[in-house]
Structure formats: structure tokens, C-alpha cells
Amino acid sequence: MERLHNIKRFIIESYPFGYISSRQKQIMEEISQFNKQEESFTYQYLNESFYCNVISMICLQFVLKNIENDKKLLITDLSLHDSVEYKKSYYYFEGCNDDGTYNLKAADNKKSSYDITVPEQLLLRFGHRSRKARKRKANNYLYDFAQYFELEFKGLVNNGRLAVLLTKDVYDNIIQSKYFVGKQHLFFSQICNSEYLTGSGKVHLSLHTDSANEPLILFCSNANAFVNYLDSEKNEFEKIYIFGDKWYMDNYLPDILSLPDLANESNTTLALISSNNIANNNDSMEMIKMIQANRNWLSDYEESFSFINVHTNIDFATCTTEIIHFLSEAKSDPSLRYLTKLIWSSLRIGASVARKNSPLFGSQINIIEEYLKIHKNIYCQKLIVYLRQIHSNRFGAQMKKMILKTVDNSSSHAIVVLDKLKSEYEDLFNLPNVSFFSFRDKITEDMYDRFDTVVLVNPYAHERKKWARAFICKRLIILTPQFFIDSIYNSVKKELCLIKKYNKENDFSKKGYVTSLISFLNDINRYRINQQQQAIDKNNIYEQMEKDEDEILSSQEVYAKEIEAQKFEYTNITNSEKVDVHKVVTLTQGNKIYGTDNAYFLIESSNGTLVKREVAQITYGDKIFNFNIPYADFSYRKWFKAASEDQSLLTNKDKRNDFRWKRAFINFINKNDYTPAMIQRKMAVFEDTSEHHTKQYYATWSDPNKIPMLPRKPEFIKYIGELINDDDIRENYQLFYDSSTAVKQDLTTTRDAELLSLVNKRLADVTHYRYSVGIVTSVSDVCIPDVPRIMTNKFVKG
């Protein structure tokens with residue numbers, strides 16, 4: 001029995017996310033023990049690769065706990081017309097007969113179905129309360145799950161809930177995960193009913209969730225929406241879980257600082273689970289201190305830190321100093337903000353390359369030159385001269401020489417470099433015992449015990465902390481130009497002060513990582529004294545530029561705020577269709593592209609022709625062409641308004657069906673002079689769901705200038721048929737939905753064909769379309785939900 005009740009073992013045997021290492025098993029055991037104590041706790045591990053297994057363990061433990069503590073069905077709890085599941089079919093409870101039996105009315109209304117009368121003993125044995133009735137057989141996956149653990153399933157309705165804040169990629173992995181229950185392979189939500197809170201505050205059932213059962217878990221990937229939802233009086237949870245380092249970044253932290261107080265007010269326990277990297281600022285450390293139960297792995301490890309300075313000659317130092325002086329003066333001028341970012345990005349690449357005349361560094365300088373040609377009012381040609389001198393300087397050869405001296409043939413090494421330089425390093429160093437990573441790569445369990453030494457090439461402070469605190473090996477070397485050693489020293493000193501302060505107040509890291517930092521700081525200090533270098537006032541600008549770089553590369557919140565700020569520009573044309581953005585492509589001339597998963601673009605090839613490139617393949621330096629071809633929904637609304645005046649445009653059955661139900665809805669609204677708020681209230685009567693649409697949603701469906709091509713669910717058309725009393729629309733709603741789908745697909749296909757007709761053509765031959773051009777300066781992976789589709793996959797001013 002004890003073995004069967006062990007969810008940890010159940011997950012290990014199912015391996016839903018692949019191999020589970022001994023470290024992850026230890027984490028699962030420790031967090032499981034914290035969880036059993038039913039008190040708030042914080043937990044920080046070496047990296048973030050364990051989240052999926054731990055979240056699924058916590059959720060499935062909660063399901064099992066609810067099944068164990070659940071109560072049998074009580075007749076006294078049932079009211080007339082309540083939903084009941086009886087022997088894998090759904091019924092409505094219709095009361096008691098004089099002989100003590102009970103009437104159940106079939107829910108599916110099929111001819112083969114029939115109402116039944118059952119004795120109380122059978123109803124209590126085989127009947128379960130249901131959230132709502134469904135028109136098909138019950139799958140009873142929860143019953144199978146309970147049986148697997150030798151428990152009696154009694155219904156599991158109106159039990160407690162958990163709230164989980166996590167990143168979208170982790171949520172997607174969990175929802176798609178599968179588990180072995182007997183001979184079945186079940187999805188997570190088939191066992192654990194869950195729902196997802198979007199950034200706009202709407203709650204949707206998760207994929208595979210049984211709508212007849214009460215959701216037990218609320219997931220969310222937006223900190224602000226999560227806190228607002230928890231703050232509403234109607235929402236109560238047994239426990240709140242926060243997973244991830246992301247929430248402790250500057251852009252997110254203000255949203256979650258109120259969570260401890262919210263949890264205390266509602267008498268709810270709070271769990272903050274993350275990696276060691278959250279120990280980056282006073283606010284996040286203060287938040288951890290508020291909770292007494294804590295486990296942090298920083299105190300368990302001690303690694304050897306060392307640094308190797310790469311000699312820089314006078315030319316390199318002179319050029320770099322001049323560039324940094326310009327950046328110091330320019331940072332207060334908003335009109336130079338984009339240029340300063342380009343220059344700083346180039347300078348950092350130039351200080352990290354391992355070869356003279358690096359192709360990547362050269363292309364970066366070319367982009368700055370092109371920018372200055374366009375913006376002729378900005379005169380700083382000397383900067384280009386300085387960058388060109390660094391480009392041809394022998395510093396890169398010095399970096400290569402020091403790397404080769406550091407890497408020996410008898411042990412395995414990992415070299416971590418800038419994301420853009422990773423390919424160049426791999427091509428330059430063809431060494432069998434060396435693996436290359438980008439600072440932005442995720443640190444995963446398979447990296448442990450693989451390497452004897454990790455070498456970080458010219459890291460920022462946040463990059464150094466990320467790789468140092470992961471402890472993937474016992475020896476860490478920081479390879480940096482001597483010009484930037486002061487910046488490394490200052491960042492380590494700040495980190496040590498913060499951890500020491502926390503150590504003094506909360507018994508944190510008395511040894512381990514702190515010992516390594518102190519030793520490392522002493523080594524740098526001795527080097528600085530021996531060198532007796534003249535101090536150069538560059539630390540402030542370096543720190544500022546690091547903040548900017550972190551903002552560009554690491555924080556999707558910046559992009560989310562940009563999107564939010566620009567939504568008003570699309571007020572007159574936007575519809576209710578929302579999509580997820582997973583790529584942000586930054587272009588020259590201040591443009592951006594918010595890319596969705598299946599997007600593609602036309603770029604110019606080396607021979608001058610246009611080629612199709614998927615968004616996942618877009619890279620730095622690509623020249624993207626944005627042709628002025630209307631989106632399908634724009635063309636659709638133009639057609640819809642024309643068809644309203646001339647119905648001869650309804651040339652086929654699908655167009656007639658699509659136009660019929662939408663025009664009937666709009667005519668009904670206009671005839672009765674209904675406002676969106678009135679429509680919302682009337683439609684709520686028919687909608688068989690607690691997730692009612694907003695007034696803005698109905699405003700778009702009431703206006704031919706904004707009307708969407710397709711509702712999110714076909715049942716929306718059914719409810720319209722009920723509202724306007726049209727039996728044809730109500731009964732054949734799926735047919736109307738299919739027609740609208742066909743109309744949308746036809747318009748989308750037409751636009752795609754128009755774009756694809758340009759592929760393999762020379763740009764000079766394309767004369768009948770206007771277009772814009774942008775050169776890619778950066779590509780960032782993000783996960784921003786609920787973005788208006790009209791804003792995506794095209795040039796947007798950033």
C-alpha cells in the first residue's frame with residue numbers, strides 16, 4: 001500500500017519528461033517532505049531543469065489527497081436538475097419517488113438513451129456528483145487513477161484548489177505529459193483537471209481536461225494577472241506555488257512582492273521554488289527571508305573559481321576607452337538609445353572574439369555603418385574607425401592563444417560564450433574534448449559530471465552567476481580581457497555583500513559558495529595591486545550597458561509592455577483573435593516583428609532573389625522584406641461589408657452560410673438597439689459555461705468593421721441561434737462553423753499564394769507591391785500570450 005501511494009515513484013516509473021537523475025529524485029523527495037508539513041517554504045536548487053517533474057508530483061499528490069479525503073455522494077446534497085454521473089453516463093437528478101427510488105433523466109437526448117429509476121443503494125454506490133452533464137459517455141480516468149492506488153473514487157467535486165505561477169514553456173510541457181495508469185497512457189489533465197489563467201484575466205480549461213469535473217489546479221504564466229486573480233475575494237486556494245527565476249527579475253518582481261501578504265490574509269500557504277540565481281537583489285532576498293522554512297543548495301557546494309586575464313595592447317585599450325566615453329555621454333540622449341545599444345553589442349563581441357578579423361564582428365560594424373548612413377544627422381564616424389581598429393587588432397589572437405593554453409587534452413571542458421559567437425568558436429576550435437555553449441543556453445541535468453572545467457569568456461555579472469551557481473563542475477575559469485577585470489571585481493563584491501547580509505540575518509550559506517567568492521575576490525585584488533593599473537572610470541557605463549543588454553536579451557516583459565502600449569493603435573481594426581508570440585525579431589530603423597510559431601518571411605538571398613524563411617530560421621543579418629499585402633481578416637471585412645450591399649457576392653454555400661449567421665446576429669442587435677453590455681447579459685443566459693465573454697468581445701462581433709472571421713468555439717454560433725430564435729442556426733451550428741472555417745481558410749490560402757508567388761523572383765522584378773525592408777539585429781525567444789493577431793508577423797515600430 002505504501003508503495004502504491006508514492007506519487008514520486010509513480011512519476012519515476014512513467015518518466016513523463018525523460019530520464020530522472022538522482023539529483024532530481026532528491027529534489028522531489030525534499031520538496032515532497034516540505035509539502036507534507038503544510039506550511040510556507042522556499043526552495044532554491046542549482047538550475048531550473050527539475051520544474052516539470054516537481055510540479056506534476058505536487059499536482060498529482062493533491063489529486064490523490066482529494067480522492068482519499070473525499071466524501072461519498074449524499075442524497076441530501078442533491079438538488080433538482082443537478083448533474084450526476086451514474087455508471088459512466090451523465091444524468092440530471094429529478095427527485096425521489098414514493099417507493100424510495102430516484103429518477104435520473106438522460107443528458108444526451110439521443111434516441112438510444114433513456115431515463116432511469118434507481119434504488120438509493122445503487123445510486124450511492126455507482127453515482128457521483130458532476131460539475132456539469134455531458135452528452136457523451138464519462139471517461140472515468142479519475143476512477144482508474146484511484147483504482148491504481150487502491151482507493152475508492154467517490155466523485156471528487158467541489159474540492160480544494162492549488163494555484164501555480166510558472167513559465168509558459170513549463171506549462172506546455174506539463175499539459176502534454178503522459179503517465180502510465182495500469183495499461184493506459186493518460187495525459188496530465190486527464191488525471192488532474194486544470195485550467196489556465198491568461199494574461200487578460202480569462203480562465204480556460206486546459207487541454208485534455210474533462211469539463212464535467214471540477215478543476216483542481218489553476219495555472220498562470222502572467223504575474224500581474226495571477227496576483228489580481230488571487231486578490232479577488234471569491235478565489236480561495238489551499239496553496240500557492242511560484243516556480244521559476246523569471247519572477248524575480250526587475251520587471252516582474254513588483255508584481256509578486258505582495259504574494260506573502262496575500263497568502264497570510266487568506267490563511268494560505270505559499271511555496272517559492274526556484275534556482276540559486278534568485279539571490280540577486282535585496283527585494284528577492286527579503287521575500288525569501290519572510291518565510292522561515294528554507295532550503296538553498298548554495299551552502300552545499302564549493303567550487304574553485306579562478307580568472308585568467310587576456311592581454312590587451314595599447315591600441316585595443318585606447319579604442320575601447322574612446323568608445324566607452326562616447327557611450328557615457330550618449331546614454332542621456334533618447335535619440336541615440338538604439339545606436340548606443342548597437343555600439344555596445346559590437347564592442348562586447350569585439351572583446352570576446354578569438355580571431356583577428358572576425359566575420360561576425362565585421363558584420364556588426366557594417367550594421368552600425370548602415371544605420372549612420374540612414375541617420376545622417378548623427379555624426380560619429382570616429383567610432384567606426386575605433387571599431388575597425390579593434391576588428392583588425394591582434395587581441396583576438398591573444399584570446400585564442402589563452403583558450404588553447406587553458407584547455408588541455410587530458411580532461412573535458414565546456415566553453416561558454418556569447419550566443420552570436422557560439423558558431424564562430426565551434427568552427428575555430430575543433431577539439432574533441434571541448435563542448436561549446438551560449439550564455440543563454442539552459443543548464444540541464446545532463447551537463448553534470450560531464451566536464452572537469454567550465455570556461456566563461458568575458459561574461460556579464462548575471463551570466464557569471466548563472467553558470468557559477470549551477471555547480472556543473474568543481475572548477476570554473478573566467479577568461480576576460482584585462483580591460484574588463486575591474487567590472488568582474490565590482491560585481492563579485494556586490495554579490496558577496498548581498499549574500500553576507502542575508503547570511504548574518506538568516507543563517508544562509510555560512511560556507512560553500514561564499515568561501516569560493518571570497519577566494520576569487522582576493523585573487524582579483526592581488527592581481528589589481530600587482531598590475532598597479534591606472535583606474536579607468538568605466539564601471540558605471542559597463543553596469544548600465546549590462547542592464548540594457550539584460551533587458552534586450554533576457555526579459556520578455558519589455559516586449560510585453562511594448563505590445564500593451566501599442567494596442568491602442570489598432571483599436572479600429574483589431575478583432576478578438578489572440579495568439580502567442582514566441583519570437584521577437586529586432587530590425588534596423590526601429591522596427592520589430594512579433595513572430596508566431598508558424599510564421600514565415602521573405603528574405604533576400606545572396607544572388608538577389610527572394611526566398612521563404614520560417615521564423616525559427618531567421619538569423620542575425622537577414623534582410624527581411626515586408627510586402628503590403630492585406631491580411632485575410634482585413635480582406636474578409638471588406639468583403640463582408642460589400643456582400644451586405646450586394647448579396648450576389650455570396651458565390652458558394654460556405655460564403656452564404658458564413659454571411660447568414662453573422663448578418664442575422666448584427667441585424668438582431670441593430671433592430672433591438674442593444675449595447676455590447678446588454679448582449680453580454682443576454683448571451684450569458686444561453687452559454688453553458690462559467691467563462692462568459694467580455695463586453696469588448698461582443699463589441700467586435702457587433703461591428704462589421706471589426707467582426708472576426710471565426711469564433712473561438714462553434715457553440716458560440718449555437719448560442720446566437722438561441723438568442724435570435726433561429727432554429728436553423730441553433731441546430732446546425734457546427735455546419736455554419738465549418739463554413740466560416742472554410743471561408744477563412746480560403747482567404748488565408750489566397751494571401752499565402754500571393755506571397756509565395758514572389759518566391760525566387762528578383763526584387764527588381766517585383767513592381768506591383770509596396771514593401772518595407774529591415775535588417776535583423778537580434779532575435780529573442782519569448783513567450784507572450786494573448787497578443788492581437790493583427791500586430792504579429794509584420795513590421796511594427798518598436
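The legends below accompany several close-up views of a predicted model.

**View 1. The whole protein, as a backdrop for the close-ups.**
Before zooming in, here is the overall picture. The predicted model has 29 helices and 27 strands. Of its 798 residues, 55% count as buried. The exposed surface comes to about 36600 Å², and carbon and sulfur atoms supply 47% of that area. Among contacts between residues at least 6 apart in sequence, 71% join residues at least 24 apart.

**View 2. Strands S2 and S3 meet in a hairpin with two residues between them.**
Strand S2 covers residues 83–86 and strand S3 covers residues 89–96; the two run antiparallel and are joined by four bridges. To find your way along the pair, look for Val84, which stands opposite Tyr91 in S3. In the turn sits Lys87, with a positive phi of about 50°.

**View 3. Strands S3 and S4 form a hairpin with four residues between them.**
Following the chain onward from S3 brings us to another turn. Here Gly100 has a positive phi of about 90°. S3 and S4 pair in the antiparallel sense, again through four bridges. Cys96 has Tyr102 in S4 as its bridge partner.

**View 4. Strand S5 pairs with S4 and has one covered and one uncovered face.**
S4 spans residues 101–106, and four bridges join it to S5 in an antiparallel arrangement. One of the contact points is easy to spot: Thr101 has Pro119 in S5 as its bridge partner. Which residues of S5 make up its covered face? They are Ile116 and Val118, while Thr117 and Pro119 belong to the uncovered face. As a reminder for reading this view, side chains in a regular strand alternate between the two faces of the sheet.

**View 5. An open sheet of seven strands.**
Reading across the sheet, the order is S24-S23-S25-S26-S21-S22-S27, with antiparallel pairing. Strand S24 (610–614) and strand S27 (796–797) are the edge strands, and each of them pairs on one side only. At the S27 edge, the partner is strand S22 (residues 591–595), and two antiparallel bridges hold the pair in register. Lys592 stands opposite Val796 in S27.

**View 6. Helix H3, largely enclosed by the rest of the structure.**
H3 runs over residues 51–69, a total of 19 residues. From its first C-alpha to its last, H3 reaches 27 Å, close to the 27 Å expected at 1.5 Å a residue. Why is H3 described as largely enclosed? Because 16 of its 19 residues are buried.

**View 7. Cysteines without a disulfide.**
How many disulfides does a search of the whole structure find? The count is zero. Cys192 makes a good place to look: the nearest cysteine sulfur, that of Cys59, is 4.9 Å away. A pair would have to lie within 2.5 Å to count as a disulfide. Cys192 is buried, with a relative accessible area of 0%. Cys380 is buried too, with a relative accessible area of 9%.

**View 8. An aromatic cluster and one of its ring pairs, Tyr179 with Phe188.**
The structure holds 43 aromatic pairs. In the pair of Tyr179 and Phe188, the ring centres are 6.5 Å apart and the planes lie at 50°, so this pair is tilted. Both Tyr179 and Phe188 are buried. These two residues belong to one aromatic cluster, together with Phe10, Phe145, Tyr148, Phe149, Tyr171, Tyr196 and Phe219.

**View 9. Phe437 and Trp467, a tilted pair between a strand and a helix.**
The ring centres of Phe437 and Trp467 are 6.2 Å apart, with planes at 40°, so this pair is tilted. Phe437 lies in strand S18 (residues 434–438) and Trp467 in helix H18 (residues 461–468), so the pair ties together parts that are 30 residues apart in sequence. Phe437 counts as buried at 11% relative accessibility, and Trp467 is buried at 1%.

**View 10. Ser274 and the residues around it.**
Ser274 lies in strand S14 (residues 269–275). Is Ser274 buried or exposed? At 0% relative accessibility, Ser274 counts as buried. Leaving aside neighbours within four places in sequence, Ser274 is in contact with Tyr43, Gln44, Tyr45, Phe50, Tyr51, Gly244, Asp245 and Tyr248.

Notes: Residues numbered from 1 in each chain as written. Predicted model: local features only at pLDDT ≥ 70, side-chain atom pairs only at ≥ 80, totals over all residues. Heavy atoms only, no water. Buried < 20%, exposed > 50% of the residue type's maximum accessible area, 1.4 Å probe, protein only. Pairing = 2+ DSSP bridges. Expected span 1.5 Å × (residues − 1). Contact = heavy atoms within 4.5 Å. Areas by Shrake-Rupley, 256 points an atom, 1.4 Å probe, with all protein chains shown as cover. Phe/Tyr/Trp six-rings, centres within 6.5 Å; stacked < 30°, edge-to-face > 60°.
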